[in-house]
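The report below takes up strand pairing, then the packing of the interior, and lastly one contact between two helices.

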Amino acid sequence: MQNVPEHIYTPQGAEADQSPIVVASESMLSREDRWSQMGQKGGVVWLTGLSASGKSTISRNLEWQLHQEGRKVFALDGDNLRLGLCDDLGFSEKDRNENLRRAGHVALLMAEAGLIVLCAFISPYNLQRSELRTLCGQRGIPFFEVYVNTSIEVCEKRDPKGLYKRARDGKILGMTGYDSPYEPPSNPDLTLLTNETSITDAVARLRKALETAGWL
Ligand code: ADP
């Protein structure tokens, strides 16, 4: 079996029942090794809310601010991920779940490396978000859920990508909050009411909440 890469080796006969095909390899570095060299703890901050609620705007502003302070931070954006890693996925419920599953695992790896990962994803279902929280919990990665709570009326008015207009014109189907459901988080770590709060205040509130929770 020499020179045959493990991942394409398919056990045959008696061996097939005994040897797993995928075996995790152990790093010589612990999480503590990585995080202490980064000078911070990694973690996943998950912003959920309707399209145009302000998730990307808030996470981009916080990313910039934390970077200025010398923190290692990365804003992971739903739209950007869909242009690359997830460009094979559409907007059916199955594809949306898969999109979030991949996003969650990417965020987890980045947090494991010691980054504070700010994730802006509509993530409309409670089940999806609780699975992400469980995934992070199982790996000992801090998870902080932020509900960017903006009314559908305000989102429709903002409509920076023109998506609500296209939904109204019947050009796109399954628009969250319009003809596809959004389940508000039942117990988020923080709620930002952007109808009533400026971008600056929303970012400051999130930063303060992370500090209070021991992230910064
Ligand atoms: P999402 O990522 O949730 O789809 P975006 O951040 O792309 O939303 O768009 C939100 C729009 O709303 C931006 O044009 C932003 O400038 C505007 N906006 C107005 N007030 C706020 C606020 N308080 N917080 C966040 N965004 C706001």
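In this predicted model, strands β2 and β3 run parallel and are joined by five bridges, where two strands pair if DSSP finds at least two bridges between them; Asp77 stands opposite Ala120 in β3. Strand β2, residues 73-77, is mostly covered, with four of its five residues buried, that is, under 20% relative accessible area with a 1.4 Å probe and protein chains only.

Residues are numbered from 1 along each chain as its sequence is written. Because the model is predicted, local features need pLDDT of at least 70 and side-chain atom pairs count only at pLDDT 80 or more, while totals for chains, interfaces and linings use all residues, and side-chain values use heavy atoms, without hydrogens and water.

The largest nonpolar core (buried Ala, Val, Leu, Ile, Met, Phe, Trp, Tyr and Cys residues joined through side-chain atoms within 4.5 Å) has 22 residues, and Val44, Trp46, Leu76, Val117, Cys119, Phe121 and Ile141 touch the most other members. The elements tabulated here each supply at least two residues of this core, and α5 gives the most, with six.

| Element | Residues |
|---|---|
| β1 | 43-48 |
| α5 | 93-112 |
| β3 | 116-120 |
| α6 | 126-139 |

Apart from this core lies another, of 20 residues, including Leu62, Ala75, Ala209 and Trp215.

The axes of helix α3 (residues 55-68) and helix α9 (residues 199-212) come within 9 Å and cross at roughly 60°. The contact (heavy atoms within 4.5 Å) involves, among others, Leu62 and Leu66 of α3 and Leu206 and Leu210 of α9.

Note on methods. Buried means under 20% relative accessible area, exposed over 50%, partly exposed in between (1.4 Å probe, protein chains only). Axes are lines fitted to C-alpha atoms, for helices over the stretch in contact, and angles run from 0 to 180 degrees between N-to-C directions.
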